[in-house]
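Trainee: Could you take me through a close look at the salt bridges here, one pair at a time, with attention to where each partner sits?

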Amino acid sequence: MAVQASVRSYLGIAKEATKGTPVAATDFIPVAKDSFKPVDVIDPLYDQGLRGSNVLNYNYIPGRKRSTVDFGGAVFADTVGYAIAGLLGSVATSGASAPYTHTISLFNSTTSNVDVQPISYTLTDFYAANVREYPGCQFSDFSLRFNADGMLEYDTKTTGFSSVTTSDPTPSFSTVLPTPVWQGVVYIGGSQINIS
């Protein structure tokens, strides 16, 4: 069987009810090919105990396993909210039908015994040889960039539990188009911000 071209890859995402318990992808995010970097990381532990010889490391022991998933690309209004909500933590949705209004703010409860951890997601990576789920992913970085004649673009980074294999999902991408910079409008605290 021939290996599929990397352009056939796609990224799925789903909000988890329990952190670290994988959930099948419920939405799919178009990402730039060169920005998508899912990595399983095994932190190295070294035995450096002196034993009377010229050896610095006597043994390598695999440490804790985790994953990092970096991705980005053009901003699609219906999927960029996952990264923003994952970073800030609190999402309130209003409206009985589309278009809905999503208010995303800092999840910062001062009540004792309340979970104030960021939202965790399962990211699903369909690639040439297999499908991997990265559970427990929490966003740690989000940045926007733009120029006068291009798309509004973003980059984001997540850290989560180590990946597991899963069955092939059936992707369904929305018909929403990416946002050209000259069509974007920025609101902060309900007031429009003019960037000039």
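**Salt bridges around one arginine**

Mentor: In this predicted model, R145 is a good place to start, and with a relative accessibility of 37% it counts as partly exposed, because that value falls between the 20% limit for buried and the 50% limit for exposed. R145 lies in strand β8, which spans residues 131-145, while D155 belongs to strand β9, residues 153-160, so this pair ties together parts that are 10 residues apart in sequence. The contact between R145 and D155 is a salt bridge whose closest N and O atoms are 2.3 Å apart. D155 is itself partly exposed, at 28% relative accessible area.

R145 also meets the side chain of E153 in a salt bridge, with 3.4 Å from N to O, and E153 is likewise partly exposed, its relative accessible area being 28%. Taken together, R145, E153 and D155 are linked in a network of salt bridges.

Elsewhere in the structure, R66 pairs with D43 through a salt bridge in which the closest N and O atoms are 3.1 Å apart. R66 is part of strand β4 (residues 59-74) and D43 is part of strand β3 (residues 37-47), so their pairing ties together parts that are 23 residues apart in sequence. R66 has a relative accessibility of 31% and counts as partly exposed, and D43, at 26%, also counts as partly exposed. The pairs described here are among the five salt bridges that a search of the whole structure finds.

Methods:
Residues are numbered from 1 along each chain as its sequence is written. This is a predicted model: local features need pLDDT of at least 70, side-chain atom pairs count only at pLDDT 80 or more; totals for chains, interfaces and linings use all residues. Side-chain values use heavy atoms; hydrogens and water are left out. A salt bridge is a side-chain nitrogen of Lys or Arg within 4 Å of a carboxyl oxygen of Asp or Glu. Helices (H or I, at least four residues) and strands (E, at least two) are DSSP runs, numbered from the N terminus. Buried means under 20% relative accessible area, exposed over 50%, partly exposed in between (1.4 Å probe, protein chains only).
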